[in-house]
Amino acid sequence: MYRFRQTMKTRNSGKVSAKWIPILSLFFFLLGMLVTNRLWPTPETDGQFIARRRREQELQIISEDCNTKKKKPGQDKDVMQEVYKTHEAIQSGRSLDKSISTLQMELAATRSSREMKSEESNAKSTASHEGLPRKKAFIVIGINTAFSSRKRRDSVRQTWMPQGEKLLQLEQEKGIIVRFMIGHSATSNSILDRAIDSEDAQHKDFLRLEHVEGYHELSAKTKTFFSTAVAKWDADFYVKVDDDVHVNLGMLASTLARHRSKPRVYIGCMKSGPVLSQKNVKYHEPEYWKFGEEGNKYFRHATGQIYAISKDLATYISINQPLLHKFANEDVSLGAWFIGLEVEHIDDRNMCCGTPPDCEWKAQAGNVCVASFDWSCSGICKSVDKIKFVHERCGEGDAAVWSALL
């Protein structure tokens, strides 16, 4: 009995006290959590994954930077040289935009100059093969005329245009060439062409153009005139005038001589008339929509009765004639060809005087007109009958052209 009690006492003494049970439970829970986290890592959230990748990239950059710093001493000098070169390139680049613009202008000018020289060289070569080299001249005057204008031509010959030996002398001594310019008919060797051939054989004062005559083809005829004249004569100025306009050759020569040193000049009575969109009216412009809203005016251009252009501009037309757009009105077309170029427009009102009494009063005041015509008729009204009267009242005298200072 005593032994049993002793045994039971011994067993009871091995029991854990109740107050230790919560502590032991917490200990084993924490131990289980620690073991579980080591064996099965917790999945990363998106934010954790991004943060980890950023840290890895930063570590990689730091590592590469450290490797860069381990370069040999000689390499630092090469790097500095490259930096210095780059700095110089940046400094030079600040003026690059301006330099490019300048170079483009110089290139365009050089190309134009070469084309002009090539065109002149070809013209000289062609003429040489034909035995007719280009002649040097001061002014080439083309009088625009038509097949039906024989009486107008005769009235011009009887007034301001020299004839025969005087015409040849004017070319040789003053370098002033005056020719009636005309193309050919649509029918080859027609009676109209033969009539001009006969008239030219008599007066020797025509410039025949490779052009089919027609009122609505004046823009094309103008291009052809300048191209033909440039190929035939090396002149300082080229003038176009209508056959119903009175001209004082001496005043014309003196006026152009004042602008002889200028490279690109366009001389005449500058105007800016309305763009006529209505059909069946004189001077109707089929392409009126290109000039903006209805009722707009044309850009400034010389009136078509008479104008002069310098050698560079005539050569420009000759070279680029396939590309030059033709509007319905010839004077508008000419102005359009120059509108985008570096051209000096000279508005000379002496080139568009009215008929007497206007030009007469000016002549009496010592201001002789270059050209006279009636604005209402776009030329001298009934010029065949009236041009002699204008010549008597407003003419400069036959000796003026010979004494003109050129």
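A disulfide, for these exercises, is a pair of cysteine sulfur atoms within 2.5 Å. The model is predicted, so local features need pLDDT of at least 70 and side-chain atom pairs count only at pLDDT 80 or more, while totals for chains, interfaces and linings use all residues. Residues are numbered from 1 along each chain as its sequence is written, and side-chain values use heavy atoms, with hydrogens and water left out.

**Exercise 1. Work out how many disulfides there are and how the bonded cysteines pair up.**

Step 1: apply the sulfur cut-off, and you get four disulfides.

Step 2: count the bonded cysteines along the chain, and the pattern reads 1-2, 3-5, 4-8, 6-7.

**Exercise 2. Give the handedness and the placement of the link between cysteine 353 and cysteine 369.**

Step 1: the sulfur atoms of cysteine 353 and cysteine 369 sit 2.1 Å apart, so by the cut-off they form a disulfide.

Step 2: the S-S torsion is -90 degrees, and this link is left-handed.

Step 3: cysteine 353 is in the loop between β8 and α13, and cysteine 369 is in the loop between α13 and β9 (371-372), 16 residues along. Helices (H or I, at least four residues) and strands (E, at least two) are DSSP runs, numbered from the N terminus.

Step 4: both cysteine 353 and cysteine 369 are buried. Buried here is under 20% relative accessible area, exposed is over 50%, and partly exposed is in between (1.4 Å probe, protein chains only).

**Exercise 3. Do the same for cysteine 359 with cysteine 394, and for cysteine 269 with cysteine 352.**

Step 1: cysteine 359 and cysteine 394 are joined at an S to S distance of 1.8 Å. Their S-S torsion of 60 degrees makes the link right-handed.

Step 2: cysteine 359 lies in helix α13 and cysteine 394 in helix α14, so the bond ties together parts 35 residues apart in sequence. Cysteine 359 is buried at 1% relative accessible area, and cysteine 394 is buried at 3%.

Step 3: cysteine 269 and cysteine 352 are joined at 2.0 Å, S to S. The torsion is about -95 degrees, so this disulfide is left-handed.

Step 4: cysteine 269 is in strand β6 and cysteine 352 in the loop between β8 (344-347) and α13 (358-364), with their positions 83 residues apart. Cysteine 269 is buried at 1%, as is cysteine 352 at 8%.

**Exercise 4. Place leucine 256 in the fold and list what it touches.**

Step 1: leucine 256 is in helix α10 and is buried, with 0% relative accessible area.

Step 2: skip neighbours within four places in sequence, and leucine 256 contacts (heavy atoms within 4.5 Å) Phe138, Ile139, Phe237, Val239, Ile267 and Ala308.

Step 3: leucine 406 is 150 residues away in sequence, yet its C-alpha is 8.4 Å from that of leucine 256.

Step 4: zoom out to the largest nonpolar core, with 44 residues, where Leu256 is among those touching the most other members, along with Ile141, Ile143, Trp160, Ile176 and Val178. Such a core is a set of buried Ala, Val, Leu, Ile, Met, Phe, Trp, Tyr and Cys residues joined through side-chain atoms within 4.5 Å.

Step 5: among the elements supplying at least two residues of this core are β1 (135-144), β4 (233-242), α10 (249-257) and α14 (383-394). Apart from it lies another core of 26 residues, including Phe225 and Trp337.
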